[in-house]
Amino acid sequence: QAAKDSSSCRKESMKQALLLYAKRRFNEMKSDHERQTTTGSTTTTSKSSPSQLAAPISPTPNLIIEVFLPLLGLSDDSFLVDLGCGDGRWLIAANKQFGCRCLGIDVDEERLERARKSICENGLGEEAVQVRRQDVFEFAKECDEIREADVVVLYLFREAMVEMGALLRRRVSLGERRRVQILSVGFALVGWNSVREEKINGIRDICIPRMDNTAK
């Protein structure tokens, strides 16, 4: 039992250290971006873009996917969007289990390559599961696909959730869908009420239903 507790403690310490490192890098990059903006630089592809690390480096634990995926009301007619998709594990699991169409957005090319490889290894076609290199905020602001989503999965830092909460409220509210389900992993989506919250592997998971397309 002591060995098991020690192992769990080490895993928790490693996870917290990784999150702290990623958040520190996020803040450093945000500061760099603000300095560039002040000096007149408008290069959107710079490594100093704060959205480069809007999401944690560590992927969602598979146990969270196993627990929450069946709760999202997916079917073969559904469309799932994962903002900060990383290696694409939500997309692959959703398509394999429910046959739904999936789209993942991320800016990290290395993680997107892993996602493409996994999609190919699982025999899933691009028409069913697709990943795209794009800033998640740019996608939410400009792409109509966010309005078409039945489910939106988010695994972003607390700082990013503040902006994304307001952005999704505007964008999803303008959509024509009668129901949009949002799953927020790690941090609360600011301005949205949840119907279910759980803590799995030390990570907070929040399920948020939106029953209609009227802003509140």
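In this predicted model, Cys100 is buried, because its relative accessible area is 0%, and a residue counts as buried when that value is under 20%. Cys100 takes part in no disulfide, although a cysteine sulfur, that of Cys102, lies 3.7 Å away and is the nearest one to it. Seen from the other side, the nearest cysteine sulfur to Cys102 is that of Cys100, at 3.7 Å, and Cys102 is likewise in no disulfide. Cys102 is buried too, with a relative accessible area of 2%.

Why is Cys100 in no disulfide, when the sulfur of Cys102 is 3.7 Å away? A disulfide is counted for a pair of cysteine sulfur atoms within 2.5 Å, and the nearest cysteine sulfur to Cys100 is 3.7 Å away, so this pair does not meet the cut-off. When the whole structure is searched for disulfides, the number found is zero.

We can now turn to another residue, Arg171, which belongs to helix α7, the helix made of residues 158-173. Is Arg171 buried or exposed? Its relative accessible area is 9%, and therefore Arg171 is buried.

The surroundings of Arg171 can be described through its contacts, and if the neighbours within four places in sequence are left aside, Arg171 is in contact with Ala140, Lys141, Glu142, Cys143, Asp144, Ile146 and Arg147. For Ala140, one of these residues, the side chain of Arg171 reaches the backbone oxygen at a distance of 2.7 Å. For Lys141, also among them, the backbone oxygen is 3.4 Å from a polar atom of the Arg171 side chain.

Definitions and conventions
Residues are numbered from 1 along each chain as its sequence is written. This is a predicted model: local features need pLDDT of at least 70, side-chain atom pairs count only at pLDDT 80 or more; totals for chains, interfaces and linings use all residues. Side-chain values use heavy atoms; hydrogens and water are left out. Helices (H or I, at least four residues) and strands (E, at least two) are DSSP runs, numbered from the N terminus. Buried means under 20% relative accessible area, exposed over 50%, partly exposed in between (1.4 Å probe, protein chains only). A polar contact is a pair of N or O atoms within 3.5 Å; within protein, one must be able to donate a hydrogen and the other to accept it, and residues adjacent in sequence count only if both atoms are side-chain atoms. Contact means heavy atoms within 4.5 Å.
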